[in-house]
Structures are given as C-alpha cells and as structure tokens.
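This report describes selected local features of one model. It covers side-chain pairing, helix packing, backbone geometry and surface character.

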Amino acid sequence: MKYIKFLHKLGVFLVLTLLFITSSTFIYFFTVDKKKRLKKLVKNSNFYRDLALKLFNVKVYINNFNLNTEENYLITPNHLSYLDILVLKNNDKNLFVSTHEVKETFLFGKVAEFGGSVFINRQSKNGIKQEIETLKEVLKEGFSIVIFLEGTTSNGETVLPFKSSFVEIAFELGVKIVPTCIRYRTVNGEEINEKNRDLIFYYGDMNLFKHVFNFLLNVNSVEVEVIFLNPINPSDFKDRKELSKYLHSEILKCYTG
C-alpha cells in the first residue's frame with residue numbers, strides 16, 4: 001500500500017512539473033513584454049504552488065502578515081528545505097534570490113527560473129554592485145525580494161550565520177527588511193524531532209533527487225508556520241555587521257522561542 005501511494009504521488013509530482021514547465025514555456029515565448037512576462041510567470045507558479053501544497057497535504061500557517069501591499073520589501077527568512085520556496089510564495093509579488101548553482105541543477109533549475117527567481121553569483125565579490133543593481137530593477141517593477149541570508153540550508157538545530165555578501169545586498173537595496181521565521185511544526189502528525197526532521201530538512205551533502213523521492217515515499221502531511229516579524233529600515237543601522245547581527249538575533253529568537 002505504501003508503494004502504491006508513492007507511485008501515485010510520484011505520478012502527481014511528475015504531471016504537475018510537466019504542466020508547470022509547459023505552461024511557463026508558453027508564457028515565456030508568447031509574452032513579449034518582459035515585465036508582463038515576469039508577472040505572468042510568477043502568477044502561474046503560484047497557481048501550481050497552491051495546487052502542490054494541497055495535493056501533498058502541506059498546511060501553511062501565516063502569522064503577523066501585516067505588510068503594506070503598496071510597498072516592496074526585502075524578506076529575509078531562515079532556510080531549512082526546498083519546501084521553503086513553496087511556503088513563502090504566498091502572493092504574486094515575491095521573487096526569490098537564488099544562486100547560479102541552483103540554476104544549473106537539472107530540472108529544478110528550470111523550475112526556479114520559470115518561478116521568477118533572480119540568480120546571483122555568490123562566489124564573486126566583484127559582482128556585488130551588479131547584483132544590487134539587478135535587484136533594484138526588480139524592486140522598481142513592483143516585486144518584493146526573498147533572500148536567504150544563510151546562503152544555504154540548515155539541519156534545523158539553529159539559524160546559521162549570515163553570508164556577508166548577502167547582508168551587504170540587503171543593506172544597499174534601501175527598502176524595508178522583513179525578518180521572517182519558518183518553523184516546521186509536524187511531519188505525519190508528529191512534532192519535528194531528530195528522528196524525523198530529515199524527511200523535511202534538506203542540508204549538507206544530501207542528494208536533492210533522493211531527498212525528493214524519500215519525501216514522496218514517506219511524508220503524508222506537513223504543518224509549517226511562517227512568522228513575519230516587524231519590518232525594519234536598514235538606514236537605522238550604521239553598517240552591515242550591525243544589521244546582520246540584529247536580523248540574525250531576531251530570527252533566531254523567534255525560531256527557538
């Protein structure tokens with residue numbers, strides 16, 4: 001029975017992925033205006049996001065979402081899993097900052113691209129100014145930006161130190177920053193613990209495809225909470241180190257509280 005359910009979920013996953021890529025390809029080639037194209041791609045990805053969360057029984061609880069819909073923000077959550085992307089795509093304004101390593105990943109790179117991700121090179125210190133200008137253009141188009149300041153995922157024990165280059169981008173963009181806390185509550189009805197956390201958390205040298213297959217095989221339900229903390233103005237901080245310390249402490253306090 002377990003493997004029958006797995007085959008069913010695998011089929012659903014593959015069909016959803018195929019439909020998403022097909023519809024996104026259609027939008028990409030038949031929408032000439034870049035701004036309209038991006039908005040359509042994001043709206044399309046959010047449609048499939050909602051469908052995926054429902055079909056795979058992932059319940060998302062949003063707390064303290066009191067952001068002004070007329071403003072653009074830089075949203076800075078902790079990072080635990082590829083599921084974070086689905087969890088945070090809760091409106092048509094959010095675009096994700098990702099890396100070229102993700103872009104080059106088979107299948108998932110194309111999914112990220114069609115989801116409206118903005119790719120940056122975290123290995124290039126000389127490219128920071130160019131990355132900042134690219135993200136400023138995205139903000140001007142009316143989008144908010146989601147960036148994982150840890151630069152990678154953790155095993156859930158804590159919030160990892162923030163990457164200085166990513167914090168510099170946050171400091172230089174000049175928009176309000178929203179520290180955000182992601183907390184996975186349960187998997188298969190049990191509280192997240194050391195024994196079951198690897199069903200959800202994707203980190204270290206784990207193989208992405210093996211993890212996804214393990215998720216489809218063993219996970220029947222997930223509950224996750226997203227807490228948006230009060231927006232802050234980066235100009236209230238003297239430098240990126242002070243900003244980094246504050247953001248990290250606020251998210252860590254929320255995550256472990």
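A salt bridge is taken here as a side-chain nitrogen of Lys or Arg within 4 Å of a carboxyl oxygen of Asp or Glu. The model under discussion is predicted. By this criterion, Glu 137 and Lys 140 are joined by a salt bridge, with an N to O distance of 3.6 Å.

**Salt bridges**

Across the whole structure, eleven salt bridges are found. Three of them are listed below with their N to O distances.

| Acidic residue | Basic residue | N to O distance |
|---|---|---|
| Glu 137 | Lys 140 | 3.6 Å |
| Glu 141 | Lys 35 | 3.8 Å |
| Asp 50 | Arg 49 | 2.6 Å |

The bridge between Glu 141 and Lys 35 has its closest N and O atoms 3.8 Å apart. Glu 141 is located in the loop that runs between helix H6 (128–140) and strand S5 (144–146), while Lys 35 belongs to helix H2 (residues 34–55), so this pair ties together parts that are 106 residues apart in sequence. Glu 141 has a relative accessible area of 29% and is partly exposed. Lys 35 is likewise partly exposed, at 38%.

The pair Glu 137 and Lys 140 is contained within helix H6, where the two residues are three positions apart, about one turn of the helix. Is each partner buried, partly exposed or exposed? Glu 137 has a relative accessibility of 41% and therefore counts as partly exposed, whereas Lys 140 is exposed, its relative accessible area being 66%. Elsewhere, Glu 157, Arg 197 and Asp 198 are joined into one network through salt bridges that share partners.

In the third tabulated pair, the side chains of Arg 49 and Asp 50 meet at 2.6 Å, N to O. Buried means under 20% relative accessible area; Arg 49, at 10%, is therefore buried. Asp 50 counts as partly exposed, with a relative accessibility of 42%.

**Helix packing**

How do helices H7 and H9 pack? Helix H7 (residues 164–173) packs with helix H9 (residues 240–256) at an angle of about 100°, and the two axes are 9 Å apart. This angle makes H7 roughly perpendicular to H9. On the H7 side, the contact involves Ser 164, Val 167, Glu 168 and Phe 171. Their counterparts in H9 are Arg 240, Leu 243 and Ser 244.

**Backbone geometry in loops**

Which value of phi does Asn 57 have? Although Asn 57 is not a glycine, its phi is positive, at about 55°. Asn 57 sits in the loop between H2 and strand S1 (58–63), and its relative accessibility of 31% makes it partly exposed.

Leu 107 also has a positive phi, of about 70°, although it is not a glycine. The position of Leu 107 is in the loop that separates helix H4 (100–103) from helix H5 (108–114). With a relative accessible area of 26%, Leu 107 is partly exposed.

**Nonpolar surface**

Which residues make the nonpolar surface patch of about 510 Å²? The patch is made by Phe 26, Tyr 28, Phe 29 and Phe 30. Of these, Phe 30 is placed in helix H1 (residues 2–30). Phe 30 has a relative accessible area of 61%; the limit for exposed is over 50%, so Phe 30 is exposed.

Key. Residues are numbered from 1 along each chain as its sequence is written. This is a predicted model: local features need pLDDT of at least 70, side-chain atom pairs count only at pLDDT 80 or more; totals for chains, interfaces and linings use all residues. Side-chain values use heavy atoms; hydrogens and water are left out. Patches are made of residues with over 30% relative accessible area and no salt bridge: like charges are joined within 9 Å, nonpolar side chains (Val, Leu, Ile, Met, Phe, Trp, Tyr) within 5 Å. Accessible areas come from the Shrake-Rupley method with a 1.4 Å probe; for residues, only the protein chains shown count as cover. Helices (H or I, at least four residues) and strands (E, at least two) are DSSP runs, numbered from the N terminus. Buried means under 20% relative accessible area, exposed over 50%, partly exposed in between (1.4 Å probe, protein chains only). Axes are lines fitted to C-alpha atoms, for helices over the stretch in contact, and angles run from 0 to 180 degrees between N-to-C directions. Angles under 35 degrees count as roughly parallel, over 145 as roughly antiparallel, 65 to 115 as roughly perpendicular and the rest as oblique. Contact means heavy atoms within 4.5 Å.
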